[in-house]
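Visitor: I have a structure to look at and I'm new to this. Can you walk me through it?
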Amino acid sequence: MMAGMVNVNVVYSALHQSKRHAKWMALGGVLPELLYSGIAIFGVEMVRTNARLFEILKYAVVPVLILMGVYFLFKKEKEKQLGEVKSQRNSFLKGFVLAMLNPQLITFWFGWLLIANSFMDFQTYTFVSPKLTFVLGTAAGAYIMLRIFIYVTVRNREKILGWMKFRINTLVGIILISLGLLQLSAVLWFN
């Protein structure tokens, strides 16, 4: 989970509004995961039909992840000014709109699918399509993680307010660089 708009706003809502508002915002924020991860699956399927392009993209994702990681390492933190949300319905809509305005989720899931295709078979059906399972899993996983964020935030409100001085971008940068190196090792190992 990246420090994206939805994640930050859910934590902010849990810190400064209420647990209930944060839950509704989280629910609204995960619905676009279904759409965007589905688009990513179809994109990877289209790329897979061209074996050469698929191989190039498996390598191309490495520098992209590493460069994004370096960018986040040196990116300055901005002070977020978030408006008040009056109702739970508005919280849901705000979460939904923020997630819909984040098309980088397609790129994020596309990259993950390229990595996963190195060692997983998305073509073999068991009881349920692995593609459908993946799409549902992205939304369910995002919602579970946001609920964990809400729980931890509400339970440790004072500590978190003190920790917010920590540069989260540094952590995100390290994670992205690690993912790039993981993809490089997966490509080299499985090819």
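Guide: Let's start with a term. Accessible areas come from the Shrake-Rupley method with a 1.4 Å probe. By that method the chain exposes about 11,500 Å². Keep in mind that this is a predicted model.

Visitor: Which atoms supply 69% of that exposed area?
Guide: Carbon and sulfur atoms supply it.

Visitor: OK. How many helices and strands does the chain have?
Guide: There are 8 helices and 0 strands. Along the sequence, the pattern reads α-α-α-α-α-α-α-α.

Visitor: What share of the chain's residues is buried?
Guide: Of the 191 residues, 38% are buried.

Visitor: And the contacts, what share joins residues at least 24 apart?
Guide: Take contacts between residues at least 6 apart in sequence. Of these, 85% join residues at least 24 apart.

Visitor: Let's go inside. Which residues of the largest nonpolar core touch the most other members?
Guide: The core has 14 residues. Those with the most touches to other members are Ala40, Ile41, Trp109, Phe110, Leu113, Phe122 and Phe134.

Visitor: Which helices each supply at least two residues of this core?
Guide: Three do: H2 (19-48), H5 (104-116) and H6 (130-155). H5 gives the largest share, with 6 residues.

Visitor: Pick one core residue. What does Leu113 touch?
Guide: Leave out residues up to four places away in sequence. Leu113 then touches Ala40, Ile41, Val44, Phe122 and Phe134. Apart from this core lies another one, of 12 residues. Val6, Ala22, Met25 and Ala142 are among them.

Visitor: Back to H5. Which of its residues are buried?
Guide: Leu105, Trp109, Phe110, Gly111, Leu113, Leu114, Ile115 and Ala116 are buried in H5.

Visitor: What span should H5 have, at 1.5 Å a residue?
Guide: H5 has 13 residues, so it should span 18 Å. The expected span is 1.5 Å times one less than the number of residues. The end C-alpha atoms of H5 are 18 Å apart, which agrees.

Visitor: New topic. How many aromatic pairs does the structure hold?
Guide: It holds 2 aromatic pairs. One is Trp24 with Phe92, an edge-to-face pair. Their ring centres are 6.2 Å apart, with 75 degrees between the planes.

Visitor: Where do Trp24 and Phe92 sit in the chain?
Guide: Trp24 is in helix H2, and Phe92 is in helix H4 (residues 88-100). They are 68 residues apart, so this pair links distant parts of the chain.

Visitor: Why does Trp24 count as partly exposed?
Guide: Because its relative accessibility is 36%. Partly exposed runs between the 20% and 50% cut-offs. Phe92 is partly exposed too, at 21%.

Visitor: And how are Trp109 and Phe134 arranged?
Guide: Trp109 and Phe134 are also edge-to-face, at 5.5 Å centre to centre and 90 degrees between the planes. Trp109 lies in H5 and Phe134 in H6, so the pair ties together parts 25 residues apart in sequence.

Visitor: Are those two buried or exposed?
Guide: Both are buried. Trp109 has a relative accessible area of 14%, and Phe134 has 16%.

Visitor: Last one. What does the side chain of Ser91 make a polar contact with?
Guide: The partner is the side chain of His21, at 2.9 Å. Ser91 lies in helix H4. Ser91 is buried, with a relative accessible area of 0%.

Technical notes
Residues are numbered from 1 along each chain as its sequence is written. This is a predicted model: local features need pLDDT of at least 70, side-chain atom pairs count only at pLDDT 80 or more; totals for chains, interfaces and linings use all residues. Side-chain values use heavy atoms; hydrogens and water are left out. A nonpolar core is a set of buried Ala, Val, Leu, Ile, Met, Phe, Trp, Tyr and Cys residues joined through side-chain atoms within 4.5 Å. Buried means under 20% relative accessible area, exposed over 50%, partly exposed in between (1.4 Å probe, protein chains only). Helices (H or I, at least four residues) and strands (E, at least two) are DSSP runs, numbered from the N terminus. Contact means heavy atoms within 4.5 Å. Rings of Phe, Tyr and Trp (its six-membered ring) pair if their centres lie within 6.5 Å; planes under 30 degrees apart count as stacked, over 60 as edge-to-face and the rest as tilted. A polar contact is a pair of N or O atoms within 3.5 Å; within protein, one must be able to donate a hydrogen and the other to accept it, and residues adjacent in sequence count only if both atoms are side-chain atoms.
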